[in-house]
Amino acid sequence: MADTLAPGRTLTARHVGAVYRRALVAQIRAITEYPGDFWVMASAGVMWNVLQFAFLTVLFAAVPEVAGWRYHEMLMLSGLLTVAAGSTAILCDGIWSTGQMVLKGEIDYRMTRPAPVVVQVATTHIGMQGFGEVGFGLVMVAYGWIGAGLGPASLPLGLLGLVCAVVIECALITLFCAVNFWIKGPMSNFAFVMLDLQHNAMTMPLGLFPIGVKVVTMFVVPVAFVNFVPVAALSGHLTPWWVIGMPVAAAASVLAALGVYRLGLRSYDSSGH
């Protein structure tokens, strides 16, 4: 892993984990010094999801199901996506600064330190709204879980889906933010396009969309494995064999993200070039 992200260096997974943990703890300590800001941002993270919850409630007051999906299953679909998105804001929000750091030459300093550049960049910031998103997203998942009649026997699959969802989401955002090594700009437009795809397509059952959307979201940019596949497997809309695809998609996303970021670092030529 270390060789993938720090050219010319050999770092152990234990060292990388320690660096990541210390950096994240430092950011959390900084946040706790301003509790007012934290609660404002966390509340902002809740608000959009309250609107999504209200939309689904109003929708299913008028129709019994959408493409075979019922109210509580849709709550799980939306809630799991919210948890994954909120987790990226907490775990790797700094990765959105890649483009800005490339333009300003701020990657230079990080390349000289004995830690993976991607870990250093990812932990430069924590999105406080993520705490609200994760909290409310878990409430939606739990409410949908109970309403859908799922029991404790499904918990292992649910936890696997949750972990894979967070890993895939973090990896894909990292991958698309790395595009800024070549297409320079302060904004990570490709990552924003991916999020737009998720919020437009993945809050509804894939059965509503044409085959092209299904192929792209499952096998090209595997955002379907963030929320659709886990919830569909839990609720019986997909066969249990699809469960195997979740860790496979997570591993493939991580490897792709690390590979693209490494290529970006190799092509990096500091600011002004």
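**Entry 1: helix α13.** I began with α13 and looked up which of its residues are buried: G245, M246, A249, A250, S253, A257, L258, Y261, R262, G264 and L265. A reminder to myself before going on: this is a predicted model. I then checked the length of α13, which covers residues 245-267, 23 residues in total. From first C-alpha to last I get 32 Å, close to the 33 Å expected at 1.5 Å a residue. I also jotted down a helper for reading such lists: an α-helix has 3.6 residues a turn, so residues three or four places apart point the same way.

**Entry 2: the core.** Y261 turned up again when I looked up the largest nonpolar core, which has 72 residues. Y261 is among the residues with the most contacts inside this core, along with I95, I107, M194, M202, F228 and V229. Which helix gives the most to this core? I found that α9, residues 155-177, does, with eleven residues. Apart from the largest core lies another, of five residues, and I noted I31, F38, I126 and M128 among them.

**Entry 3: around M202.** I picked M202 from the core list and asked what it touches beyond its neighbours within four places in sequence. My list for M202 reads L77, L81, L197, T217, V223, A224, N227 and F228. F228 is also one of the residues with the most contacts inside the largest core.

**Entry 4: over to T217.** T217 caught my eye as a contact of M202, so I followed it up; I found T217 in helix α11, residues 211-220. Is T217 buried or exposed? It counts as buried, at 1% relative accessibility. Where does its side chain reach? It comes to the backbone oxygen of V213 at 2.8 Å, and to that of K214 at 3.3 Å. Leaving aside neighbours within four places in sequence, I have T217 in contact with L197, M202, L206, P222, V223 and A224.

**Entry 5: cysteines.** A disulfide is a covalent bond between the sulfur atoms of two cysteines. How many disulfides did I count here? The count is zero. I looked at C164: it is in no disulfide, and the nearest cysteine sulfur, in C170, is 12 Å away. C164 is buried, with a relative accessible area of 5%. C170 was my next stop: its sulfur is 3.6 Å from the closest cysteine sulfur, that of C92, which is too far for a bond. C170 is buried as well, with a relative accessible area of 14%.

Definitions and conventions. Residues numbered from 1 in each chain as written. Predicted model: local features only at pLDDT ≥ 70, side-chain atom pairs only at ≥ 80, totals over all residues. Heavy atoms only, no water. Core = buried A, V, L, I, M, F, W, Y, C linked by side-chain atoms within 4.5 Å. Buried < 20%, exposed > 50% of the residue type's maximum accessible area, 1.4 Å probe, protein only. Helix = DSSP H or I, 4+ residues; strand = E, 2+ residues; numbered from the N terminus. Contact = heavy atoms within 4.5 Å. Disulfide = S-S within 2.5 Å. Polar contact = N/O pair within 3.5 Å; in protein donor to acceptor, adjacent residues only side chain to side chain. Expected span 1.5 Å × (residues − 1).
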